[in-house]
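Reader: Hey, I've just opened this one and could use a quick tour. Mind if I throw some questions at you?
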Amino acid sequence: MSSTRLLFVRHGAAEAADRGVIAGVKGCTGLSDLGRRQAEALRDRLAATPIEVDVVRTSLLPRAIETAEIIAPTLGAHLEPAAQDCDLCELHPGECDGMTWQEWRASYGFDPSSELDREMSPGGESVIGFARRVIGAVEALVAEHAGRSIALVVHGGVISAAMLHLMGVDEEAVRKGRPFWFDPANTSLTQWHRDDRTGHWTLDRYNDAAHLEGLTA
């Protein structure tokens, strides 16, 4: 039976998060010391228990790129460096990129979960716009690499949007229902596979971060 496999890896803890900074392409300064140790722990886990991977993609943001570089040796010697895709970035913040969250709340503060179509700041994305972008990117990758194993080293928001889509929670349901989101741990693994004959997706694991046990800040 042919199947297409999706492996989502959330990036390690980010330096910008420690500083309370909104981390788009301007605000992201890569992994913190803890984030690098988390990625190294995942690398060691994958070395001991490999996961078959054919294609690797990451976002344009340094925290995702750095995570992908650290775990790359265990993803397969045959693989080229992870290609970077802007459509796999976290929500584009717009002009507030690089602000602290306190500054954002003072200038633009609102509840994104209740104003789903409102941009985070001028030039940025709304929650709905972000989700549409992510869903389109994932669907395009699945179509391009059907029958293969795709690893995406990405962000919590990207994983959340993809999860809702693969679970069959459509935009109308999100608008009508009580909003909910996922919060996967840094460097956690979330894995799906699709029966390519029926098109049915199955969740194999979510937020698997066993490699972080005993790792402290």
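Author: Sure. Keep in mind that this is a predicted model. Let's begin with a pair of strands: β5 (residues 189-195) and β6 (residues 200-208) run antiparallel, with six bridges joining them.

Reader: OK, and which residue is the bridge partner of Q191 in β6?
Author: That's R205.

Reader: What about the hairpin, how many residues are between the strands?
Author: Four residues sit between β5 and β6 there, and one residue in the hairpin, G199, takes a positive phi near 80°.

Reader: Switching topic: what volume does the largest pocket have?
Author: About 1,100 Å³. It is lined by 50 residues, and the closest to its centre are E90, L91, F130, G157 and W181.

Reader: Which elements give two or more residues to that lining?
Author: Those are α1 (15-19), α4 (101-108), α5 (127-144), α6 (156-166) and α7 (171-176).

Reader: And how many of the lining residues are nonpolar, polar or charged?
Author: For the largest pocket the split is 29 nonpolar, eleven polar and ten charged.

Reader: How much space lies in the second largest pocket?
Author: About 190 Å³. Its lining has 13 residues, with A68, A72, E80, P81 and A82 nearest the centre.

Reader: Which element gives the most to that lining?
Author: α3 does, with three residues. Both α3 (62-71) and β2 (55-58) supply at least two.

Reader: Same split again, please: nonpolar, polar, charged?
Author: In the second largest pocket, the lining comes to eight nonpolar, three polar and two charged residues.

Definitions and conventions
Residues are numbered from 1 along each chain as its sequence is written. This is a predicted model: local features need pLDDT of at least 70, side-chain atom pairs count only at pLDDT 80 or more; totals for chains, interfaces and linings use all residues. Side-chain values use heavy atoms; hydrogens and water are left out. Two strands pair if DSSP finds at least two bridges between them. On a 1 Å grid over the protein atoms alone, a cavity is a set of points where a 1.4 Å probe fits but cannot get out, and a pocket is an open set with protein on both sides within 12 Å along at least five of seven lines; lining residues have an atom within 4 Å of a point. Grid points are joined across faces, edges and corners, and a volume is the space filled by probe spheres set on the points. Ala, Val, Leu, Ile, Met, Phe, Trp, Tyr, Cys and Pro count as nonpolar, Asp, Glu, Lys and Arg as charged, and the others, Gly among them, as polar.
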